[in-house]
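Q: Please take a close look at the ligand site in this model. Go through what surrounds the ligand, then follow the chain outward from there.

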Amino acid sequence: MSDLLQQIEKMVADAIAELLTVNSAEALEQFRIKWLGTHGQMKSAMKLLGQAPKEQKPALGQQLNQAKEQITAEFERKQGAISADLTQAHDYVDVTEPGLRPRLGNRHILMKVVDELTELFGRMGFSVAAGPEVEDEFHNFIALNIPESHPARDPLDNFYLEKWSDPSLVGGMAATSAGPQPLRLLRTQTSTVQIRVMEQQKPPIRVVIPGRVYRPDTHDATHLSMFHQLEALAVDKDLTMVDLKSAIMQFIHAYFGPETRARFRPSFFPFTEPSAEVDVWFEDRQRWIELGGCGMVHPNVFKACGIDPEQYTGWAFGFGIERIAMRKYGIDDIRHFVENDVRFLSQF
Ligand code: DAH
């Protein structure tokens with residue numbers, strides 16, 4: 001009896017020691033077959049029981065059952081540990097599952113419109129120019145023939161970066177440690193870049209200038225204090241108002257469609273003479289939308305840039321890009337462009 005008992009105890013100890021070395025699902029299955037399977041060690045031990053003397057059978061039988069339960073319990077514990085390990089270590093991919101579509105960003109509608117416009121004018125022979133958003137009074141006003149007394153220079157209508165009423169200002173210059181500097185402001189119009197282009201390039205000139213401009217306006221459905229303009233400038237010999245009108249009509253028909261109605265209204269800008277404002281008909285709303293101003297470049301502007309007005313003529317326009325985008329894509333409120341609402345932005 002004690003022989004058999006010892007054998008059983010040893011069997012349990014061996015099984016548990018072996019189980020400690022098991023660390024894969026396959027090894028565990030081998031263990032199960034060896035110890036707990038139909039032809040395994042436990043079954044053989046049960047057979048030995050048949051040969052034991054009758055009076056010892058109940059005690060040995062009980063001992064064997066306990067041994068089996070103990071090995072089974074240890075086996076199951078190991079099984080749990082291995083399967084938990086499997087799900088953690090091998091984060092597998094079920095390729096049959098429908099995928100999670102990542103949310104892709106897209107280019108802002110206004111920048112798409114800028115691309116469309118520069119591409120269109122590119123085909124009409126215009127290159128793209130740019131200039132600084134922080135400007136001085138020379139480029140924003142003086143060279144554009146806007147005299148010191150002009151209401152457009154009122155501090156209430158501009159974002160000046162220096163104090164306009166500063167007593168240290170002499171003749172529109174700010175006294176700084178580096179000497180007198182022109183007063184700076186956020187540009188109110190992209191017309192400033194006309195000057196910068198003409199300072200560097202001599203005619204013939206054909207440029208478009210998309211860019212941001214700033215005005216202290218109260219925000220509503222058609223106004224923002226920061227918006228975008230598309231400026232155009234053509235300088236050559238013998239350019240006339242006919243060239244201006246036909247270029248603008250060509251643009252309007254190419255961009256909004258050949259049936260689009262447009263009109264020119266006489267207007268005034270210090271830097272053009274004659275000047276006009278351009279409206280396009282918005283069929284959906286049954287009303288005219290103003291795109292912006294245009295005109296023939298004023299001789300004083302040429303002079304400020306060292307171009308001889310006796311030799312050259314030019315035309316220019318400055319249109320609101322938000323206005324153009326609203327007309328093209330049926331957007332009813334200019335504030336949508338800056339609210340960062342993905343429900344709006346993802347539509348384009
Ligand atoms: N700069 C003008 C504005 O912001 C628009 C404008 C008018 C631009 C006439 C031009 C022009 O180039 O010729 O209101």
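A: The ligand site comes first, and the backbone details follow.

This is a predicted model. The ligand is surrounded by 15 residues. The closest of these are Gln-189, Gln-194, Arg-215, Gln-229 and Glu-231. By class, the shell holds 8 polar, 5 nonpolar and 2 charged residues.

Three distances between polar atoms and ligand oxygen can be given. Glu-231 places a polar side-chain atom 2.6 Å from an oxygen atom of the ligand. For Gln-229, a polar side-chain atom is 2.9 Å from an oxygen atom of the ligand. Ala-316 takes part through its backbone: a polar backbone atom of this residue is 3.2 Å from a ligand oxygen. On its own, the ligand has 360 Å² of accessible area, and the protein covers 91% of that. The space that the ligand takes up is the largest pocket.

Which elements give two or more residues to the shell? They are helix α7 (191-200) and the strands β7 (226-236), β10 (287-297) and β11 (313-320). Gln-194 falls within the range of α7 and is among the closest residues to the ligand. Gln-229 and Glu-231 fall within β7. Ala-316, with its backbone contact, falls within β11.

Helix α7 also leads to a second set of contacts. Arg-196 and Glu-199 both fall within its range. The side chain of Arg-196 makes a polar contact of 3.3 Å with that of His-139. The side chain of Glu-199 makes a polar contact of 3.0 Å with His-139 as well. His-139 itself belongs to helix α6 (residues 137-140). Is His-139 buried or exposed? Its relative accessible area is 7%, under the 20% cut-off, so His-139 counts as buried.

Past α7, the chain enters a loop that runs to β6 (205-214), and Pro-204 sits in that loop. The peptide bond from Pro-203 to Pro-204 is cis, with omega near 5°. A second cis bond joins Glu-273 to Pro-274, with omega near -5°. Pro-274 is placed in a strand, β9 (residues 272-282).

Strand β7 also has a backbone detail beyond its end. Asp-238 lies in the loop between β7 and α8 (241-256). Its phi is positive, near 65°, in a residue other than glycine. Asp-238 has a relative accessible area of 68%, over the 50% cut-off, so Asp-238 counts as exposed.

Now to helix α10, which spans residues 321-329. Strand β11 covers 313-320. Several residues of α10 are buried: Ile-321, Glu-322, Ile-324, Ala-325, Met-326 and Arg-327. The list includes Glu-322 and Arg-327, which belong to the charged class. Gly-330 follows the helix, with a positive phi near 65°.

Further along, the loop between α10 and α11 (342-345) holds Asn-340. Asn-340 is not a glycine, yet its phi is positive, about 60°. What is the relative accessibility of Asn-340? The value is 61%, over the 50% cut-off, so Asn-340 counts as exposed.

To return to the ligand: Gln-229 and Glu-231 approach through side-chain atoms, and Ala-316 through a backbone atom.

Note on methods. Residues are numbered from 1 along each chain as its sequence is written. This is a predicted model: local features need pLDDT of at least 70, side-chain atom pairs count only at pLDDT 80 or more; totals for chains, interfaces and linings use all residues. Side-chain values use heavy atoms; hydrogens and water are left out. A residue is near a molecule or strand if one of its heavy atoms lies within 4 Å of it. A polar contact is a pair of N or O atoms within 3.5 Å; within protein, one must be able to donate a hydrogen and the other to accept it, and residues adjacent in sequence count only if both atoms are side-chain atoms. Accessible areas come from the Shrake-Rupley method with a 1.4 Å probe; for residues, only the protein chains shown count as cover. On a 1 Å grid over the protein atoms alone, a cavity is a set of points where a 1.4 Å probe fits but cannot get out, and a pocket is an open set with protein on both sides within 12 Å along at least five of seven lines; lining residues have an atom within 4 Å of a point. A molecule sits in a cavity or pocket if more than half of its atoms lie within 2 Å of its grid points. Helices (H or I, at least four residues) and strands (E, at least two) are DSSP runs, numbered from the N terminus. Buried means under 20% relative accessible area, exposed over 50%, partly exposed in between (1.4 Å probe, protein chains only).
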